Each structure stands twice: as structure tokens, then as C-alpha cells.
Amino acid sequence: MQQLIRLTISPFLLIVALASSGCGEAASTAPTITVSKISNWAMPAAGAKIPAPRGLAFDSNGDLFVLDDAGRILVFNPNGTVKHHWSMPESDVGNPEGICLFQDGRIGVADTHYHRVVFFDRDGNLLTMHGELGEQSGQFVYLSAITQDSVGNYYVCEYGGNDRVQKFDVDGNFVVAFGGFGTDDGQFQRPMGIVWRDGLLYVADAINNRIQTFRDDGQFVGLLGSEADRPRLHYPYDLTVGPDGDLVAIEYGGNRVTQLNLRGETLGRFGSTGHGVGEFSTPWGLAVDSNGRIVVADTGNRRLVELQR
């Protein structure tokens, strides 16, 4: 049975855990995400190796789908026990970074180093793959994240030269691409997380330390937050929408979770740098379920961290 470590800590200790948080608003002035319980979920071994988690996604039943750096997709039940797992078709040259649970039941994986999207069914059976290395429409360089809109179109982030987002219809036909490498508005340096909400796309532009907003036809809308009070982020690596409609980001460089409203105002933060309770080391991804429970891919510590609100 999967090892599960449950830790309950007081609000006082939660505040202390924020005291050494990374770049951004000072911990003493930033709002604090209220957390009632922290649980560390151990990653199952792959041979002699304890792999590190990367991409995460919850389904409607509360099961958590996890990508790790051993090229596996693992399904944890809500209590942190692994129900089943399977492996990517290939993983010798690198492992996937992003996962999306599609409305039609398919699981889409950003197979980063093989420059393609791989689709599985819920039992782990390989369905289809599309994409190849290149810079043309429908080709990819280092895919990092996938999201889907309300009518089934899906959007793929990539970096390593293309640094763009491509949009496809539900059948995988190319629709539009936008972005490009750079620091100007509408450009990216390593887009790592993406979510769709009400006709808008929110993209975590990691190395540029910002979140950018686009219409879902690719038209640039703006940077999240006002010019005078833009959220200060340190390598935002993943992004999702919580049940209350707010954005929740994981900061790979800041070692923390940050909650933002759609105007870019910081509503709360949790986490600091380290290996103990309430601490993270280069966290890569996160997921939020319908009850507001947050699970973090605490990559550097090779564990999953559940934060109950």
C-alpha cells in the first residue's frame, strides 16, 4: 500500500512557514492562504529510484493524475493511495511535463522531449499521438502544458525556440498560433502553465515572471494585474483555476503557492523554501479540486504535498 504521511499543524506554524518565502511580496505583508492540514504523499519507487512529480490534474471523482520524471502516469485516490499507473510509450530522452483530462474522457499528455501530444484512455491504453519536432503549424519544440476550453478546443504551450501557444480543435486540427520568444507584451520565455476561463487564456510566462492574458483566438489582452500593482512572481511554473474562480499558481523559484483574482490582486500565499512541513523545493505543478484542496508537485523533495483548506 502507498505510504501516506499525515501532518496537522496550527495556524501559528503556518505563518512561521511563510517567513522565509522567496522573491516577491514580503512574507510579513503578503496575505496568507489558510491551511488546516498538510499531508505529504510519498512517490512510489521506480526500481532503485524515487521519481519526482511534475504535472498534476484532478478528475471529478477527486482522483489525482500525476506525471513523474520516470515517464509514468500515476492515479492516486483522494486518500493518497496509488490505484494504478502506466508508462509513456518512450522516455529514454526525457519525460513529459504537462497533463490535461479532456472532457471526452481522454488524457492528453505533453510529451515534452518527443515533441508530441499523446492521448490515453482512463485505463492507460494508448489512443493516438500527434506532432513532431519543428517550427511549423502543428509541430512542436518542448511541449510544457495543455488546457481545453468549453467547446473542446485545446491549447498547447511550448518552449525551447518556439515559445508560443498553439490552438487545435477537438479533432486535433490546427487553428492558430500566437506568442514568440521575447520579453515584449504577447511574447514568452518558457510558457509553462495555461488555463482557459470565459473566453480568456491565462498563461504562466515563467522566465519573464508574469502571467499574460489572451483571447482564445490568440489576441493579446494584457498582463495580469495593474501596471502599478502587478503581482510579483518568481518563475510561475503552473496555473489552474480554483472552485471559486480565482487563479492558483505555483512558483518554481519562489517555492510557494499564490492565489490571485482575475484582476491580478494577490489573495494569499503559502510556502517557503526547504524540506520540512509547509516547505517546498522547486515545485513544478499543482492541482485544485472542487473543494479547494490543493496538491503540489514538490519536485525537489520528490513528494506530493496536499494542502487542505
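Buried residues have under 20% relative accessible area and exposed ones over 50%, with partly exposed in between (1.4 Å probe, protein chains only). The model is predicted: local features need pLDDT of at least 70 and side-chain atom pairs pLDDT 80 or more, whereas totals for chains, interfaces and linings use all residues. Residues are numbered from 1 along each chain as its sequence is written, and side-chain values use heavy atoms, without hydrogens or water.

**View A. A salt bridge between Asp 59 and Arg 122.** The count of salt bridges (a side-chain nitrogen of Lys or Arg within 4 Å of a carboxyl oxygen of Asp or Glu) comes to 19. In this one, the side chains of Asp 59 and Arg 122 meet at 3.7 Å, N to O. The pair links distant parts of the chain, 63 residues apart, with Asp 59 in the loop between strand 3 (53-58) and strand 4 (64-68) and Arg 122 in the loop between strand 9 (116-120) and strand 10 (126-130); strands are DSSP runs (E, at least two residues) numbered from the N terminus. Asp 59 counts as buried because its relative accessibility is 12%, whereas Arg 122, at 31%, counts as partly exposed.

**View B. The contact of Asp 69 with Arg 302.** These two side chains form a salt bridge with an N to O distance of 3.9 Å. The partners are 233 residues apart and link distant parts of the chain: Asp 69 lies in the loop between strand 4 and strand 5 (72-76), and Arg 302 in the loop between strand 26 (294-298) and strand 27 (303-308). With a relative accessibility of 16%, Asp 69 counts as buried, while Arg 302 is partly exposed, with a relative accessible area of 36%.

**View C. Arg 106 paired with Asp 104, and a salt-bridge network.** The side chains of Arg 106 and Asp 104 meet in a salt bridge at 2.9 Å, N to O. Arg 106 counts as buried because its relative accessibility is 17%, whereas Asp 104 is partly exposed at 48%. Elsewhere, Lys 49, Asp 69 and Arg 302 are joined into one network by salt bridges that share partners.

**View D. Strand 21 and the strands with which it pairs.** Strand 21 (residues 256-260) is mostly covered, since 5 of its 5 residues are buried; Arg 256, Thr 258 and Leu 260 point one way from the strand, and Val 257 and Gln 259 point the other way. Two strands are taken to pair if DSSP finds at least two bridges between them. Strand 20 (residues 247-251) runs antiparallel to strand 21 and is joined to it by 5 bridges, with Glu 251 standing opposite Arg 256. The two strands form a hairpin with 4 residues between them, and Asn 255 in its turn has a positive phi of about 55 degrees. Strand 22 (residues 266-270) also pairs with strand 21 in the antiparallel sense, over 4 bridges, and here Thr 258 stands opposite Arg 269. This second hairpin has 5 residues between its strands, and Gly 264 in the turn has a positive phi of about 90 degrees.

**View E. The largest nonpolar core and the surroundings of Val 296.** A nonpolar core is a set of buried Ala, Val, Leu, Ile, Met, Phe, Trp, Tyr and Cys residues joined through side-chain atoms within 4.5 Å. The largest has 19 residues, of which Val 257, Phe 270, Ile 294, Val 296 and Leu 307 touch the most other members. Strand 20, strand 25 (285-288), strand 26 and strand 27 each supply at least two residues of this core. When residues up to four places away in sequence are not counted, those that Val 296 touches (contact means heavy atoms within 4.5 Å) include Leu 56, Ile 250, Val 257, Phe 280, Pro 283 and Leu 304. Another core, of 13 residues, lies apart from the largest one, and Val 75, Trp 86, Met 88 and Ile 99 are among its members.

**View F. An open sheet of 4 strands.** The strand order is 7-8-9-10, and the pairing is antiparallel. Strand 7 (98-101) and strand 10 are the edge strands, each pairing on one side only. Between strand 9 and strand 10, which run antiparallel, there are 4 bridges, and Phe 120 stands opposite Leu 126 in strand 10.

**View G. Positive phi at Arg 190 and Asp 198.** Arg 190, although not a glycine, has a positive phi of about 65 degrees; this residue is found in the loop between strand 14 (174-179) and strand 15 (191-197) and, at 19% relative accessibility, counts as buried. Asp 198, likewise not a glycine, has a positive phi of about 50 degrees. Asp 198 lies in the loop between strand 15 and strand 16 (200-205) and is exposed, with a relative accessible area of 60%.
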